[in-house]
Amino acid sequence: MFQQTPVYDRLVAERGDVPVQVRGEADRIHRDLAQVLRQVPPSRPDAPHSVFEPKTPPGAL
């Protein structure tokens, strides 16, 4: 990802390879989220998509 430079090498030595750590954490979160979403039952067709969305369209009242 980054071209190796003395400054980058020194930062990696001091702070660790942050891009690699972030990528690993993002992969872990992605796996956890996929597992949670598999456990969520499908929503009912008549249920609103969110608590802010009315069950009946405004024009139908």
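**Notebook: salt bridges and surface**

I began with the charged pairs and found that the structure, which is a predicted model, holds three salt bridges.

I looked up Arg28 and saw that Arg28 forms a salt bridge with Glu25, with the closest N and O atoms 2.4 Å apart, and that Arg28 also meets Asp32 in a salt bridge at 2.8 Å, N to O. Salt bridges that share partners thus join Glu25, Arg28 and Asp32 into one network. Within helix H2, Arg28 and Glu25 are three residues apart, while Arg28 and Asp32 are four residues apart, and each spacing is about one turn of the helix. I noted that an α-helix has 3.6 residues a turn, so residues three or four places apart point the same way. For accessibility I recorded Arg28 as partly exposed at 34%, Glu25 as partly exposed at 38% and Asp32 as partly exposed at 35%.

I then turned to helix H1, where Glu14 forms a salt bridge with Arg10, the closest N and O atoms being 3.9 Å apart. Glu14 is exposed, with a relative accessible area of 55%, and Arg10 is exposed as well, at 52%. Helix H1 covers residues 6-15 and has one buried residue among its 10; just after H1, I found Gly16 with a positive phi of about 90°.

Next I checked the nonpolar surface, where Leu33, Val36, Leu37 and Val40 form a patch with about 360 Å² of accessible area together. Val36 lies in helix H2, residues 18-39, and is partly exposed at 44%.

For the whole chain I entered two helices and zero strands, with buried residues making up 2% of the 61 residues.

Methods. Residues numbered from 1 in each chain as written. Predicted model: local features only at pLDDT ≥ 70, side-chain atom pairs only at ≥ 80, totals over all residues. Heavy atoms only, no water. Patch = residues over 30% accessible without salt bridge, like charges linked within 9 Å, V, L, I, M, F, W, Y side chains within 5 Å. Areas by Shrake-Rupley, 256 points an atom, 1.4 Å probe, with all protein chains shown as cover. Salt bridge = Lys/Arg side-chain N within 4 Å of Asp/Glu carboxyl O. Buried < 20%, exposed > 50% of the residue type's maximum accessible area, 1.4 Å probe, protein only.
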